[in-house]
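User: Could you give me a close look at one part of this model, namely the places where one chain meets its partners? I would also like to hear about a few residues that stand out along the way.

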Number of protein chains: 4
Amino acid sequence: MISVGIVGGTGYTGVELLRLLLRHPKAQVRVLTSRTEAGRRVSDMFPSLRGHTDLEFSDLDLNALKQCDVVFFATPHGVAMQHAEELITTGTKLIDLAADFRLQNLAEFEKWYGMQHSCPSVLADSVYGLTELNRDKIKNAQVIGNPGCYPTTVQLGLAPLLKDQHNLINTQSIIIDAKSGVSGAGRKASLGMIYSENADNFKAYGVAGHRHHPEIVEALENISGAKGQFSQLIFVPHLVPMIRGMLSTIYVDLTEQAQQINLQALYESFYENERFVDVMPANSSPETRSVRGANELRIALYQPQPNKLIVLVAQDNLVKGAAGQAIQNMNLMFNFDEAAGLEGIGLLP
Amino acid sequence: MISVGIVGGTGYTGVELLRLLLRHPKAQVRVLTSRTEAGRRVSDMFPSLRGHTDLEFSDLDLNALKQCDVVFFATPHGVAMQHAEELITTGTKLIDLAADFRLQNLAEFEKWYGMQHSCPSVLADSVYGLTELNRDKIKNAQVIGNPGCYPTTVQLGLAPLLKDQHNLINTQSIIIDAKSGVSGAGRKASLGMIYSENADNFKAYGVAGHRHHPEIVEALENISGAKGQFSQLIFVPHLVPMIRGMLSTIYVDLTEQAQQINLQALYESFYENERFVDVMPANSSPETRSVRGANELRIALYQPQPNKLIVLVAQDNLVKGAAGQAIQNMNLMFNFDEAAGLEGIGLLP
Amino acid sequence: MISVGIVGGTGYTGVELLRLLLRHPKAQVRVLTSRTEAGRRVSDMFPSLRGHTDLEFSDLDLNALKQCDVVFFATPHGVAMQHAEELITTGTKLIDLAADFRLQNLAEFEKWYGMQHSCPSVLADSVYGLTELNRDKIKNAQVIGNPGCYPTTVQLGLAPLLKDQHNLINTQSIIIDAKSGVSGAGRKASLGMIYSENADNFKAYGVAGHRHHPEIVEALENISGAKGQFSQLIFVPHLVPMIRGMLSTIYVDLTEQAQQINLQALYESFYENERFVDVMPANSSPETRSVRGANELRIALYQPQPNKLIVLVAQDNLVKGAAGQAIQNMNLMFNFDEAAGLEGIGLLP
Amino acid sequence: MISVGIVGGTGYTGVELLRLLLRHPKAQVRVLTSRTEAGRRVSDMFPSLRGHTDLEFSDLDLNALKQCDVVFFATPHGVAMQHAEELITTGTKLIDLAADFRLQNLAEFEKWYGMQHSCPSVLADSVYGLTELNRDKIKNAQVIGNPGCYPTTVQLGLAPLLKDQHNLINTQSIIIDAKSGVSGAGRKASLGMIYSENADNFKAYGVAGHRHHPEIVEALENISGAKGQFSQLIFVPHLVPMIRGMLSTIYVDLTEQAQQINLQALYESFYENERFVDVMPANSSPETRSVRGANELRIALYQPQPNKLIVLVAQDNLVKGAAGQAIQNMNLMFNFDEAAGLEGIGLLP
């Protein structure tokens with residue numbers, strides 16, 4: 001049984017970590033911090049946890065956190081990097097669910113997040129936690145930058161076309177039309193997020209630029225091993241009036257070479273041994289409700305013309321897109337069964 | 001054509017007033033104020049108004065408002081009463097959609113709204129704007145306290161049993177189980193109002209006490225003409241995951257006398273000439289979507305036992321429960337057709 | 001490991017049984033029948049189950065079912081009773097999630113369900129499966145009538161006032177204002193259930209009479225041990241635009257005797273050892289999302305006046321209100337930990 | 001005052017026609033037919049119409065319809081064409097809201113709608129009712145094929161780039177990622193449309209082929225005046241958990257020539273005199289709720305790279321995408337103000 005700390009337990013990724021970790025067979029949450037709620041029982045704030053834990057929020061105390069085997073940061077961008085250097089000195093592992101350890105490109109980080117990185121050397125040693133693609137590095141990492149929700153769908157949606165492949169797609173004409181439930185924006189008191197502004201409504205947002213864009217580009221470069229090939233990538237996120245769920249519709253131009261290949265078989269083979277990635281049969285349409293609350297990601301392919309591929313990718317943004325994948329990484333880092341605590345079935349209806 | 005001012009145009013009652021008044025045949029909105037948005041075009045904030053108005057928000061300027069024939073206050077509680085005395089000196093009429101002129105009982109006002117009333121003499125001369133019940137007084141009023149949304153359903157739901165009636169119901173055992181869409185809580189950046197906290201969820205709120213309770217009691221006393229008879233009334237509001245709409249389910253104990261009467265006929269007769277109150281046939285169930293966007297209120301009756309009556313009352317909380325009724329009152333005050341600007345049909349589906 | 005059969009696996013209680021049983025440590029679903037889908041993989045119909053089971057629907061085959069240790073009927077009313085007599089001859093236990101074994105009063109059954117009961121003797125020996133109240137009988141039962149969703153909230157909401165108590169409440173003036181998510185109506189192709197008729201809408205239904213009314217009355221009589229005392233009970237269900245969740249707001253008149261008692265303490269003591277019933281602190285408001293997907297029921301009390309009690313009861317209609325309670329009963333019948341397979345935490349947000 | 005008939009008044013386009021026509025200053029609905037509801041008052045089925053009309057459904061009677069000046073068919077595909085020939089003999093005009101008169105290509109019609117066209121000669125004389133693009137022809141038409149909802153967004157979204165333009169875009173690489181509220185699927189009792197299958201869920205559908213695809217292609221060919229140029233167009237519709245609203249996100253490759261042009265200015269100029277098409281300022285994001293219930297379509301442009309254009313187009317699928325545009329066409333056909341009956345402001349929130 002490892003001991004776990006969570007910094008920032010009042011947001012949706014925080015409470016989702018709790019939902020999953022409180023039922024984890026090998027991990028126990030010992031420390032739970034909040035700037036604003038110290039002394040309050042977490043189940044008073046999130047009544048779904050009543051009967052499942054007596055944990056109280058505490059102030060952020062690095063000494064307490066250093067006694068944990070692993071600490072999750074479910075905080076706003078910029079918090080984890082302030083504490084990372086100190087925290088890891090005594091061997092504690094760190095998994096950041098914000099963006100502090102996602103981008104190796106410091107200039108891009110500063111540009112999109114509006115702050116300088118405070119511990120570039122920790123960043124340099126950190127590992128990007130897209131589990132299925134970086135499994136070996138994650139096992140030995142001390143610091144993990146857990147991927148953004150949109151980038152998770154894009155990477156797993158395109159990896160079979162890019163990893164160890166050459167010349168299957170035109171990397172410069174990729175279009176990602178992505179849709180997310182409202183919980184993806186977090187738990188914040190802002191006018192744009194209130195019920196009556198979002199229910200029965202649909203819109204694009206961040207069309208002129210979204211922070212996940214540079215993360216997607218850097219990640220795809222790492223998968224394909226070639227820099228600069230995704231500079232023309234288009235990414236348009238949209239907001240869906242639902243709580244959880246994310247669907248990315250990805251449009252790809254296939255090369256002549258790819259047109260000789262059974263892409264459905266390629267995907268099935270690529271993910272053959274993955275417990276959390278489901279390549280659905282031809283002509284399927286992954287619905288977000290099929291993964292509600294589950295650490296699963298479902299993919300379906302359509303080839304409307306010989307040279308065009310449509311990749312549909314669905315996940316729960318809070319699970320495989322955030323807390324679930326973070327625990328999947330923790331499982332690897334501590335040599336647990338990768339699926340420990342993550343085998344729950346999605347809630348349908 | 002009268003000229004209209006709206007103070008506080010950035011909330012939901014403000015934008016609803018605009019939606020209705022911009023299409024009103026005899027009224028023109030000339031002034032629209034906002035503490036925070038002065039200089040901004042209202043259609044930039046509410047894109048549904050693009051193409052319908054070039055109005056800009058301005059700072060609150062009493063001189064400008066005094067040149068209007070009527071000014072609506074769609075502000076938080078306590079704002080209208082600060083300006084009322086000055087505003088009405090030159091003949092401008094005032095319709096407050098907040099609570100400043102709803103309660104004649106000053107002690108109750110202070111208790112529930114946490115502030116002293118700043119112009120009791122204006123309050124004393126003001127008229128409570130439940131149109132159907134106070135029509136004559138409204139016609140001659142200079143200041144109107146527009147009713148709360150819940151109190152509107154309760155008064156119109158019970159008036160036929162109380163007005164000019166004696167001894168039809170046990171006034172001390174009335175139970176009001178009320179349900180409202182989320183827009184009833186206004187347009188505020190608060191954590192409790194965000195989408196992911198309200199969607200796919202149902203709860204009671206304000207069970208220990210809600211500001212509309214004293215308003216309901218005072219109003220029912222005025223209708224029945226007897227003080228103190230409603231001190232045991234129970235009122236429990238609930239929050240429904242929908243934008244607009246309100247349904248009150250009212251439980252009443254009937255006297256022996258009432259059991260001799262055809263109550264369906266009583267209601268139908270009572271509202272026979274009312275354009276905006278619809279007594280539905282026996283065994284109907286008024287749905288909130290049947291009045292979505294419309295200045296209508298629908299009532300249905302059930303008598304499960306000889307001595308029990310269930311009154312179901314549905315309205316759109318923003319229309320008949322707020323902006324629509326305010327305009328209905330304005331129409332009376334200026335001797336317009338009472339239905340002017342209010343004849344739109346509800347949006348279904 | 002016991003072997004389990006499910007008859008009627010294409011409805012929402014069927015898929016919810018699967019979601020829970022596929023993760024149950026001591027039960028394995030071996031047979032899954034459907035009139036219409038025989039031969040189809042259940043995960044083709046419910047993609048949330050992909051990766052969790054290879055089960056296929058089969059035709060209803062009593063011989064196959066008789067080899068199961070227990071069979072759940074997640075069928076329309078009237079199906080279980082056709083097969084019960086035969087099924088139990090060889091010792092198989094039966095848990096019916098429809099109404100066939102809920103009402104001992106045959107006349108009421110015929111009146112409300114429009115059919116004659118086909119096996120009154122099995123009915124006579126069956127046990128009503130409100131777990132917390134009938135635990136001992138359930139342990140030894142062969143046939144269980146699993147309670148309706150509304151009746152579960154009412155019984156657990158009122159039991160502390162009725163069981164082994166005399167004269168705490170006026171049993172003739174109970175009012176139950178109940179609200180349910182749409183999944184409570186099942187998975188049927190009917191116009192009244194389609195999205196655009198229910199979203200952003202609220203209404204009462206079944207006001208003139210609902211099948212759960214006689215079940216509530218019979219059950220409360222059994223709890224209190226007195227017949228005829230609930231004949232005036234009022235029950236009004238409403239439909240909430242959400243998928244899962246149920247809240248009952250129950251209004252009770254307290255006797256003089258009850259006014260001498262700390263009712264909050266009474267409830268807390270009554271449910272002290274119950275893992276799935278949560279008496280919340282004073283002034284709480286149980287939200288349906290706090291039990292979304294969880295086998296939990298939360299209760300809160302308000303005493304607005306000395307002689308009035310408001311009981312708020314929330315549950316997930318598909319879990320504690322149906323499939324979860326059915327499994328809780330199964331656990332008792334096979335001497336498993338009562339919580340086996342039911343410890344999942346609700347999905348919030 | 002013209003007299004109007006509506007065939008098929010029980011679907012969502014039927015009730016939306018009624019909502020708009022009952023408030024139209026120059027049209028009166030005289031006949032309303034339904035196969036299944038003859039003799040029933042329309043306000044019994046759609047309570048939002050209570051107080052606004054006493055109309056009853058009648059059986060389809062061609063003689064009665066022939067006495068109308070115009071008849072709308074709000075029926076399934078294939079109904080209007082059965083009656084068109086007979087109906088128009090005496091001068092009655094016909095506006096079909098289904099697909100019978102949308103496609104001039106008979107082979108495509110048969111392929112996608114699974115039926116032979118029964119009156120090709122009427123079809124040949126009919127006019128495609130995309131109002132803004134075919135205004136002159138519509139004025140003189142006797143039979144109108146009212147456009148599909150998706151095709152309306154695509155045509156108005158792309159017309160400025162295609163009409164009287166040469167070589168602004170690569171017509172073969174257009175990608176349309178479209179999203180619709182559930183009412184777009186009509187009012188039908190089908191399992192796939194029920195609330196609990198659609199709420200809190202998002203998915204693509206019809207990816208392998210949607211009936212609006214050939215309509216889009218034929219219409220774009222007509223706008224651009226060149227056949228065969230859109231054969232590679234990609235169209236992927238998605239289903240949004242909301243009642244009304246449609247957003248199309250259209251991805252276009254710009255030619256060198258187009259990169260020399262201010263496309264924002266081109267669009268603004270193109271739609272300068274259109275009352276129902278709103279080109280929003282740069283960096284806007286049209287929300288579907290900004291047109292809820294209104295006959296408006298809003299467009300916004302983004303140019304993420306010199307050679308890429310993203311066109312966002314929002315409308316209410318039941319208004320500008322169906323009933324509203326049909327009435328806009330009627331207004332033209334009878335020489336009314338084009339906006340008569342269509343000036344209502346959208347319902348926000």
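Analyst: Happy to help; here is a walk through the contacts of one chain, followed by some individual residues.

First, some ground rules. The model is predicted, so to speak of local features pLDDT must be at least 70, and side-chain atom pairs count only at pLDDT 80 or more, while totals for chains, interfaces and linings use all residues. Residues are numbered from 1 along each chain as its sequence is written, chains are lettered from A and ligands numbered from 1 in the order in which they are written, and side-chain values rest on heavy atoms, with hydrogens and water left out.

Let's begin with chain D against chain A. Each chain brings 44 residues to the contact, where contact means heavy atoms within 4.5 Å. About 3500 Å² is buried between chain D and chain A, and 56% of that lies on carbon and sulfur atoms. Within the part that chain D buries here, Asp200(D), Phe202(D) and Tyr251(D) supply 18%, more than any other three residues. Buried area is the accessible area (1.4 Å probe) that two parts lose on being put together, summed over both.

There are six salt bridges between chain D and chain A, a salt bridge being a side-chain nitrogen of Lys or Arg within 4 Å of a carboxyl oxygen of Asp or Glu. One of them joins Asp177(A) to Lys179(D), with the closest N and O atoms 3.1 Å apart. Polar contacts link 26 residue pairs across this interface, with both partners at pLDDT 80 or more. On chain D, the elements that each supply at least two residues to the side touching chain A are strands E7 (175-181), E8 (203-204), E9 (234-240), E10 (246-253), E12 (297-305) and E13 (308-315), together with helix H9 (195-198). That side is made up of 23 nonpolar, eleven polar and ten charged residues.

A few words on those terms. A polar contact is a pair of N or O atoms within 3.5 Å; within protein, one must be able to donate a hydrogen and the other to accept it, and residues adjacent in sequence count only if both atoms are side-chain atoms. Helices (H or I, at least four residues) and strands (E, at least two) are DSSP runs numbered from the N terminus. Ala, Val, Leu, Ile, Met, Phe, Trp, Tyr, Cys and Pro count as nonpolar, Asp, Glu, Lys and Arg as charged, and the others, Gly among them, as polar.

Now turn to chain C. Here 20 residues of chain D are in contact with 20 residues of chain C. The area buried between chain D and chain C is about 1700 Å², and carbon and sulfur atoms give 65% of it. Two salt bridges are counted between these chains; in one, the side chains of Arg187(C) and Glu197(D) meet at 3.2 Å, N to O. The polar contacts here involve twelve residue pairs, again with both residues at pLDDT 80 or more. H9(D) gives the most to the side of chain D that touches chain C, namely four residues. By class, that side holds eleven nonpolar, five polar and four charged residues.

Asp200(D) deserves a second visit. This residue sits in the loop between H9 and E8 of chain D, and its phi is near 50°, a positive value in a residue other than glycine. Asp200(D) has a relative accessible area of 11% and therefore counts as buried, the cut-off being under 20% relative accessible area, with exposed over 50% and partly exposed in between (1.4 Å probe, protein chains only). In chain C, Asp200(C) has a positive phi of about 50° and is buried, at 11%.

Further along chain D, Asn331(D) belongs to helix H12 (residues 319-333) and is buried, at 0% relative accessibility. Its side chain reaches the backbone oxygen of Glu338(D) at 2.9 Å. Beyond its neighbours within four places in sequence, Asn331(D) touches several residues, including His24(D), Phe336(D) and Leu342(D).

Finally, a cis peptide bond joins Leu348(D) and Pro349(D), with omega about 5°. Pro349(D) lies in the segment after H12 of chain D. In chain C, the peptide bond from Leu348(C) to Pro349(C) is cis, with omega near 5°.
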